[in-house]
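Me: Please give me a close look at a single part of this model, one helix and what packs around it. I'd like it as one connected story.

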Amino acid sequence: MRGGRRRSMIKLKLSKIYSFACGKTTLKREHSRIGGHGHSRVVFCNEPDRFEGGVSNYADNSVRSTKYTVATFLPKSLFEQFRRVANFYFLVAGILAFTKLTPYTAVSAILPLSIIIGATMVKEGIEDWRRKKQDIEVNNRRVILHKGDGIFEYTEWKNLRVGNIVKIIKDEFFPADLLLLSSSYEDAVCYVETMNLDGETNLKLKQGLDVTSSLQEDFKFRDFRAVIKCEDPNANLYSFVGSMEFGAQKYPLSSQQLLLRDSKLRNTDYVFGAVVFTGHDTKVIQNSTDPPSKRSKIEKKMDKIIYFLFCVLFLIAFIGSILFGITTKGDLDNGLMKRWYLRPDRSTIFFDPERAAAAAIFHSLTALMLYNFFIPISLYFSIEIVKVLQSIFINRDIHMYYEETDKPARARTSNLNEELGQVDTILSDKTGTLTCNSMEFIKCSVAGVAYGRGLTEVEQSMGRNNGSPILHEHINGLNSESNEIRDSPGRKEPIKGFNFTDERIMNGNWVNEPNADAIQKFFRLLAICHTAIPEVDKETGNVSYEAESPDEAAFVIAAREVGFKFYKRTQTCLSMYELEPVSGHEVESLVVLGMGESVGKLALLWLLKETKIDGRDTEQCVMDDGTALKQWTYKLLNVLEFSSSRKRMSVIVKDEEGRIFLLSKGADSVMFERLAKNGMTFEEKTLEHVQEYADAGLRTLILSYRELDEEEYKEFDHKFSEVKNSVAEDRETLIEEVLDKIERNLILLGATAVEDKLQNGVPDCMDKLAQAKIKIWILTGDKMETAINIGFSCRLLRQGMKQIIIHLETPEIKELEKVGDKMAISKASRESVHHQLSEGAQLLFASRGTCQQTFALIIDGKSLTYALEDNMKIMFLELASHCASVICCRSSPKQKALVTRLVKSGTGKTTLAIGDGANDVGMLQEADIGIGISGVEGMQAVMSSDIAIAQFQYLERLLLVHGHWCYRRMSSMICYFFYKNITFGFTLFLYEVYASFSGQPAYNDWFLSLYSVFFSSLPVIALGVLDQDVSARYCLMFPILYQEGVQNVLFCWRLVLSWMLNGFISATMIFFFCTKAIEPQAFDEEGRTAGRDMLGVTMYTCVVWVVNLQMALAIRYFTLIQHIFIWGSIGFWYLFLLAYGAMPPKFSTNVYKVFVETLVPSPSFWVVTFFVAVSTLIPYFTCSVIQMWFFPMYHQMIQWIRYERKTNGPE
């Protein structure tokens, strides 16, 4: 164990804690779904070879996460590659290269395509092989299997079959979905960790049926037989419907008996289970669906540009073919041959003047093959490489590494890197995303009196904004000077989850309060009403708690610190130590073990002795000053679980005097309406305090209780057990009805207020994002007042910002709610929301052109329901999109997803959603980009996200730095790709025009093939990975730079077409300068003129120089790698010329020793190369200078600022 400390988990019976298993298992209601559609699975336990089970053809237990198999890799991978229209086009061109129509050899046409496709397939194959190795490792894990006659032996996971009995040892993973039969605990309870399923680290409790709990020895399974009838395989992790026939009896099954594959057994020595679902039928595999496919806007636009280039290509081929047909028809004019070198008098159909129309059609096919260099063959592959490398840089950014949890940023997909630089709207969760989700108990209201003197972050922030400290006299009932107690020398060492300071409550002083009885009940409720599990360190006695939520942990810790220490949970009871004065002396402070504090008087706690008090069995220790530490034990009868629809949780307990209490805590929206008439004594004051706590940014819960008589409880328990153990269609509805009846007529005790502190850096991050003109929406389940004050605290809302608040808390609607007419309420609510939206729109319209007033829209959940209706959602979106900030309060997970969908589809701009919990998954998947926070709510959001970060503050660097860089790099890279291919392809077209459309290429076959693969691709990849227009420091210093991506100024049609135009200009200048400079004069000292071969090599050399020098001009941040790639590409061209020209003429064809013998000795070759390379860049350079001087973009302005700072002195 860690630190050599031994921990033990208190044994626990789930049947008395979790409501799914409360009460004795009965079968009063018919299993209406078993055997029907969707519930037809039959499992013969301990009989996997039984005939009836075999015919069901259940899946085996081996899993496969690979995309391909050995047999399907080649066809499936090829299909994936040729789904891309560009690759399919090159494939058709390669096939046509085997015909007589081809202008080049078939090998030179097929080889580049083969290299690109092959490299992509190798990449996919490597990724799939890694998945295959993981599958092999998982399938070969070992598990203890019942072989028969009570003998258990080890076997591989992949050998398991439905019906097998397996034995799982502590800390092992479950190999399949198992039905829990028994465990090392007598009541068949076990503890399960589900981190691999939902990312949650807290332990879950499972319990088998009582009838199988005695099967704790291997030999007892020799004759065990049972039949399970249950639901078919499905993806629902949290439900299971079935029944088990055992010993002529039928027993209902629920999710409490199901152990899911990939969960881990914890704090339990062993369990026995029957295999129900195997392999791909298991729930975790059923949940392994691919996330929604997302493509960046740049990638979608790139496809349109490709189609545009295809249109250009077909247009050029069509025009050229018409001109070729006209020229061919006139080749023979009364026996006179115009193009005599083509021998039109005895030509084949391709140049036959008598069949000019057919010749033109065939020429169009030749032209389509010849001009395919307009389409960049390596574009897609290069983009994939660049995106992967960009993702690596994001993952390894030390500035986005959170040391406390050892979590770096992680790009789970590389498809959306450039999309990070185009975000227009951010939709954020609050709890756990903006805040730490680490709750601290800071204030409370008991019997109408407010306690707690701590200052919240919101109050401190508002105080700074107002320029004066905030007074708390109204809340605390004392002068603000008492706030100094918080920092007094007597203050204890900070305790996680507890930041409460009030001398009226602490140190046992609550007994002197006039409402001491209510305070005692209040903190007793906090110590009892929960599902937390105490974990005791036997060596030190320290107690820690495993709670389902940070709120619940904070409540138990608060009760402990005040003197109500929950320390033990058994199968039927909750035990706690409670301070109780037995004399008039002042009660001393309770010092809790395990919190780094001195043991003090509580060392006597473990020396308690048995005594009798008022006829009750208790454990009591009386200290010197008369303070008594007593042990109280409560019998736990039922736990009525929390759910998002109920918004409350309750427990029913019986005290040592036999009295039965229902203790309940929940949201104020559901608790106040459940109070009895005699339980509303402090309602008005409590409501006032709750409002003030919400204003201070605190999360509140209402605490209440009632005493039940024996008959009332028996009636409830009977109904509750009946509906819980049923599998009827309306089961959940029946449960809600039973719980609703018992949770009535409550007596109000008070309210808790816990603070969820903002994460570090959130206000500054919000401020930077706002400066970048990114719209920020907060979608939260908090009350409106809490959300507004958190908005001010995190600087989403600012002083002077006009708030447009839309809500339904109007007197008219409240009156209708009292009457209960749902139709009237709905109609009035709809009209009210429509009216408020109209007023907000008019307010916005009236402010236009008059002042720089900024607006914030705040809307509650009820109003949002109507605002999202079809006839109002456009009006809502119009209003919200003109506001700088939007806060949606009391919003459900479904509403979060609907709002995200509305913003994405309604604005057409890039949306980013960020959250940390399972309730944010829908929102993350709806948005263009989903960011998951790897916080304390588990990993559901991370597993559904595109990028994971540990803190909200890292969003600033992710967007403003990496987002901007990736957007600019990808935009420049794609534009440059089109430029270099048009430059090369258009020289081929001009040469064909020059050669009267004869279909003869200007370059050697291998020159054509290797241009995009070797002589121009590496520099553009370096550009896409390494280039920076401004440094990260300046990206953060000038957030407005981010608007270049939002406005898409670097990849708009105007810029793309300007790069294409630059390519056409460069090609034209290269062609005409080369032809006019070389042809009319002697090429060397012997007086030979340049032929097609020398002209082609010269033009090709100029193209290589120009496109690489153009890259050098476009780069803003040179590195050694870029120098190597640019100058290396040029140098490699000359080396290739030497090597290829030295090959025998059979291989080098028309390039045989052309470079060495003809071009190198000729000064004109070098002069032309230099002149063409420089002059071709002049138009681009001139336009760039004019644009930077007179029409600078944001990044160019910042470059000027940086340059001036450098020239005027150090930065």
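Reply: Happy to! Contact here means heavy atoms within 4.5 Å. Helices (H or I, at least four residues) and strands (E, at least two) are DSSP runs, numbered from the N terminus. This is a predicted model, in which local features need pLDDT of at least 70 and side-chain atom pairs pLDDT 80 or more, while totals for chains, interfaces and linings use all residues. Residues are numbered from 1 along each chain as its sequence is written, and side-chain values use heavy atoms, without hydrogens and water.

The part I picked is helix 37, residues 1163–1190. How far apart are its end C-alpha atoms? They are 41 Å apart, and because 28 residues at 1.5 Å a residue should span 40 Å, the two values agree. (The expected span is 1.5 Å times one less than the number of residues.) Even so, helix 37 carries a kink of about 35° at I1178. The proline P1179 comes shortly after that kink. A bend at a residue is the angle between axes fitted to the seven residues ending there and the seven starting there.

Which residues of helix 37 are buried (under 20% relative accessible area with a 1.4 Å probe, protein chains only; exposed is over 50%, partly exposed in between)? They are S1164, F1165, V1168, T1169, V1172, A1173, S1175, T1176, L1177 and Y1180. Covering these buried residues are, among others, helix 32, helix 33, helix 34 and helix 36.

One of those covering elements, helix 34, deserves a visit of its own. Helix 34 runs over residues 1120–1141, 22 residues in total. From its first C-alpha to its last, helix 34 reaches 31 Å, close to the 32 Å expected. Helix 34 has a kink too, of about 30°, and the centre of that kink is G1128.

Look next at what helix 34 tucks away. Its buried residues are Q1122, I1126, S1129, I1130, W1133, Y1134, F1136, L1137, Y1140 and G1141. These pack against helix 37, which brings us back to our starting point, and also against helix 33 (1092–1114) and helix 36 (1154–1159). Helix 35 (1145–1148) takes part in this packing, as do helix 28 and helix 29 (1017–1026). Seen from the other side, helix 34 is among the elements that cover the buried residues of helix 37.

For the wider setting, the protein chain has 38 helices and 38 strands. Of its 1211 residues, 56% count as buried. Among contacts in the chain with a separation of 6 or more, 74% join residues 24 or more positions apart.

A loop residue makes a handy companion to the helices. S213 sits in the loop between strand 8 (203–207) and strand 9 (226–230). Is S213 buried or exposed? Its relative accessibility is 12%, so S213 counts as buried. Setting aside neighbours within four places in sequence, S213 touches L181, S182, E186, D187 and A188. Its C-alpha lies 9.1 Å from that of L180, a residue 33 places away along the chain.
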